[in-house]
Each structure stands twice: as structure tokens, then as C-alpha cells.
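Biologist: Could you take me on a close look at the nonpolar core of this protein? I'd like to see what it is built from and what sits around it.

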Amino acid sequence: MASHLCTVTVQSGDGFPFSTASLRVTESALQHLLIKRFSLAACTYALVLVLVWVAILTQYCSVSLVTTVGSTCLVVVSQGVLCWVFRSGTNQRFRDPSLTEFQVLLAVAWHTWLIANLEVARGTFMVVYVLILLFGVFHLPRLAFVRCAL
């Protein structure tokens, strides 16, 4: 079982490090943590899908059934592919094995599609953008986070 030395640096508000701690993390433990993070994101997708379906079924907004079912299927497929990427270990081939920036950009894209299709419910679902960006706020470098936010 391979282990890596992982250095954690905590930064103050002005960007200067003020504390550094080192700990040994095995590759399998790190992968398990990444799968947990992905599961948290996937549960957020499920929560938003449930809220969308409730909004449509209670006639809070009127979206065609074809658009709703098609969008739901595409979101489930995208999350299924990501689940396979994490479970198979394919994510380890990327520069950022957590795929945080990709996941945030994917979520922003899906949510923009959702907002574009919801009529009167747009304002209600705008708050989900904050939830999406919170997923990357502590893990992404500042420039990558700004790129996702724009």
C-alpha cells in the first residue's frame, strides 16, 4: 500500500501561511475521501432534482415533461460517469484527482440549464449557485475559483 506525504498549509486571510502540518495519507484512504466528496456532491444533485420535480408536479412552474425527463436522465448519466471515474480510480490520472474544478463547472452548467428552463421559479433556484460554489471554495486555488464563479 503506497503512502504519500501530504503537507497541509493553512493560510490567513491575507494569503500568507501561518501554520503547516504534515501527515501520512495512503493512496486508498485519499481515494476513499475523494469518493465521499463525490457522494456529497451527487446527493446535492439528487436534492435539486427532487426540488425541481416537486416544483413541476405542484405546478409552481410549467416545464415540458420531455425537457424535465431528458434533463433528469442527462444529469443522472453525468453523475454515473463521474461515479465510474472515481470508483475505477481513473481520476488519479488527472492533475487534480478530486476533479473539483470540473465538478463545479459541470454543476454550474447544469444549473444554468435548469434556470434557463424554469420560468417563475428562477429566483427560488438561484440560491443553489451559492451551494455549488461552496463545494469548491476551500479546495480550489483562488484563480480557479474565480474562473468557476464567472
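Modeller: Let's start in the middle of this predicted model. The largest nonpolar core holds 33 residues, and the ones with the most contacts inside it are Cys61, Phe86, Val104, Leu118 and Phe125. Where do those core residues come from? Five helices each put in at least two: α1 (27-57), α2 (65-88), α3 (100-117), α5 (128-137) and α6 (142-149). The largest share belongs to α1, which brings ten residues.

Pick out Leu118 for a moment. If you skip its neighbours within four places in sequence, Leu118 is in contact with Cys61, Val63 and Phe125. Two of those names should ring a bell, because Cys61 and Phe125 are also among the core residues with the most contacts.

Now step back to the whole chain. The protein has six helices and two strands, and if you read along the sequence, the pattern goes β-β-α-α-α-α-α-α. Of the 150 residues, 31% are buried. There is also plenty to say about who touches whom: among contacts between residues at least 6 apart in sequence, 54% join residues at least 24 apart.

For one example of chain parts meeting in space, find Ser64, which sits in the loop between α1 and α2. Its C-alpha atom lies 9.2 Å from that of Asn117, although the two residues are 53 apart along the chain. Is Ser64 buried or exposed? Neither, quite: with a relative accessible area of 39%, Ser64 counts as partly exposed, because that label covers values from 20% to 50%.

Another serine makes a nice contrast to look up. Ser98 is in the loop between α2 and α3, and its relative accessible area is 3%, so it counts as buried. What does the side chain of Ser98 pair with? One polar contact, 2.7 Å, joins it to the side chain of Thr100, and another, 2.8 Å, joins it to the side chain of His139. Leaving out neighbours within four places in sequence, Ser98 is in contact with Leu34, Arg37, Phe86, Gln103 and His139. You have met Phe86 already: it is one of the core residues with the most contacts.

Next, have a look at the second largest pocket, which encloses about 530 Å³ of space. It is lined by 29 residues, and those closest to its centre are Thr44, Tyr45, Val48, His111 and Val128. The elements giving two or more residues to this lining are α1, α2, α3 and α5. Which of them gives the most? That's α1, with ten residues. Sort the lining by residue type and you get 20 nonpolar, eight polar and one charged.

Let's finish on one of the residues closest to the centre of that pocket, His111. You'll find it in helix α3. With a relative accessibility of 4%, His111 is buried, since the cut-off for that label is under 20%. Beyond its neighbours within four places in sequence, His111 is in contact with Phe125, Met126, Val128, Tyr129 and Ile132. Two of these link back to what you have seen: Phe125 is among the core residues with the most contacts, while Val128 is, like His111, one of the residues closest to the centre of the second largest pocket.

Note on methods
Residues numbered from 1 in each chain as written. Predicted model: local features only at pLDDT ≥ 70, side-chain atom pairs only at ≥ 80, totals over all residues. Heavy atoms only, no water. Core = buried A, V, L, I, M, F, W, Y, C linked by side-chain atoms within 4.5 Å. Buried < 20%, exposed > 50% of the residue type's maximum accessible area, 1.4 Å probe, protein only. Helix = DSSP H or I, 4+ residues; strand = E, 2+ residues; numbered from the N terminus. Contact = heavy atoms within 4.5 Å. Polar contact = N/O pair within 3.5 Å; in protein donor to acceptor, adjacent residues only side chain to side chain. 1 Å grid on protein atoms, 1.4 Å probe; cavity = no way out; pocket = protein on both sides within 12 Å on 5 of 7 lines; lining within 4 Å. Points joined across faces, edges and corners; volume = space filled by probe spheres on them. Nonpolar A, V, L, I, M, F, W, Y, C, P; charged D, E, K, R; others polar.
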